[in-house]
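Biologist: Could you take me on a close look at one part of this model, the sheet and whatever packs against it? I'd enjoy a connected walk through it, residue by residue where that helps.

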Amino acid sequence: MATINLRKGNTRLPPEVNRVLYVRNLPFNITSEEMYDIFGKYGGIRQIRIGTNKDTRGTAFVVYEDIYDAKTAVDHLSGFNVANRYLIVLYYQHAKMSKKFDQKKKEEELTKLQEKYGVTAKDLK
């Protein structure tokens, strides 16, 4: 298998490679068993978290036991067709994800302040 070849060859992995994968474009009705069937073929899985609320539906986090298994899964499952949807499989990058959440938080705080002081976007121009 590819994972065995990677381990034997003293291969250096790119810095973005890690054990946690972020999966997008999933069918909304996918089950955890189906996720384990799809992603389990590439190695031992520690955890799968499927998004359930309005903002996270169609996404999931998959945590592998081994970094090489995660790399193999990304290589093979990016663009994989599940229920007529092509999966987008990326390495989870905490810095990028936290920036998105920070931006949302800042926008919410700004809206609250605008409401509190009766200021609109027109007033700011």
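Modeller: Happy to! Let's begin with a helix: H3, residues 67–77, lies across E1, E3 and E6 and runs at about 150° to E6. Please keep in mind throughout that this is a predicted model.

One residue of H3 deserves a stop here. Thr72 lies in this helix, and Thr72 counts as buried because its relative accessible area is 6%, under the 20% cut-off. The side chain of Thr72 reaches the backbone oxygen of Tyr68 at a distance of 2.9 Å.

Now for the sheet that H3 lies across. The sheet is open and has 4 strands, in the order E2-E3-E1-E6, with antiparallel pairing. Strand E2 (45–50) and E6 stand at the edges, and each has a single partner strand, so one side of each is left without a neighbour in the sheet. From one strand to the next, the twist averages 20°.

Let's go to one edge and work from there. E2 pairs with strand E3 (residues 60–64) in the antiparallel sense, over 5 bridges. If you want a place to put your cursor, Gln47 has Val63 in E3 as its bridge partner.

At the other edge, strand E1 (residues 20–24) and E6 run antiparallel and are joined by 4 bridges. Here Tyr22 stands opposite Leu90 in E6. Leu90 also belongs to a pattern along E6 (residues 88–91), where the side chains alternate. Val89 and Tyr91 point to one face and are buried, while Ile88 and Leu90 point to the other face and are not buried.

Next comes the other helix on this sheet. H2, residues 32–39, lies across E1, E2, E3 and E6, running at about 135° to E2. Its buried residues are Met35, Ile38 and Phe39. Viewed down the axis of H2, these buried residues fall within an arc of 80°, so they line one face of the helix. The general geometry of helices helps here: an α-helix has 3.6 residues a turn, so residues three or four places apart point the same way. On the face of H2 turned away from the buried side you will find the exposed residues Glu33 and Asp37. As for what covers the buried residues of H2, the list includes E1, E2, E3, H3, E4 and E6. So the helix we started from, H3, is part of that cover.

Just before H2 there is a loop residue that ties several of these pieces together. Ile30 lies in the loop between E1 and H2, and Ile30 counts as buried because its relative accessibility is 9%. Leaving aside neighbours within four places in sequence, Ile30 is in contact with Met35, Ile38, Ile50 and Val82. Two of these contacts, Met35 and Ile38, are among the buried residues of H2. Val82 is 52 residues away from Ile30 in sequence, yet the C-alpha atoms of the two are 9.2 Å apart in space.

Following the chain on from Val82 brings us to a loop with some backbone angles you may want to check. Ala83 is found between strand E4 (81–82) and strand E5 (85–86), and its phi is near 55°, a positive value in a residue other than glycine. Asn84 lies in the loop between E4 and E5 as well, and Asn84 has a positive phi of about 60° although it is not a glycine. These values stand out because most residues other than glycine have a negative phi. Are these loop residues buried or exposed? Ala83 is exposed, with a relative accessible area of 58%, and Asn84 is exposed too, at 73%; the cut-off for exposed is over 50%.

Finally, let's step back to the whole chain. The secondary structure comes to 5 helices and 6 strands, and along the sequence the pattern reads α-β-α-β-β-α-β-β-β-α-α. Of the 125 residues, 29% count as buried. Among contacts between residues at least 6 apart in sequence, 66% join residues at least 24 apart; the contact between Ile30 and Val82 described above links residues 52 apart. The accessible surface of the chain comes to about 9,100 Å², and 52% of that belongs to carbon and sulfur atoms.

Technical notes. Residues numbered from 1 in each chain as written. Predicted model: local features only at pLDDT ≥ 70, side-chain atom pairs only at ≥ 80, totals over all residues. Heavy atoms only, no water. Buried < 20%, exposed > 50% of the residue type's maximum accessible area, 1.4 Å probe, protein only. Helix = DSSP H or I, 4+ residues; strand = E, 2+ residues; numbered from the N terminus. Pairing = 2+ DSSP bridges. Axes fitted to C-alpha atoms, helices over the stretch in contact; angles between N-to-C directions. Contact = heavy atoms within 4.5 Å. Areas by Shrake-Rupley, 256 points an atom, 1.4 Å probe, with all protein chains shown as cover. Polar contact = N/O pair within 3.5 Å; in protein donor to acceptor, adjacent residues only side chain to side chain. Arc of directions from axis to C-beta.
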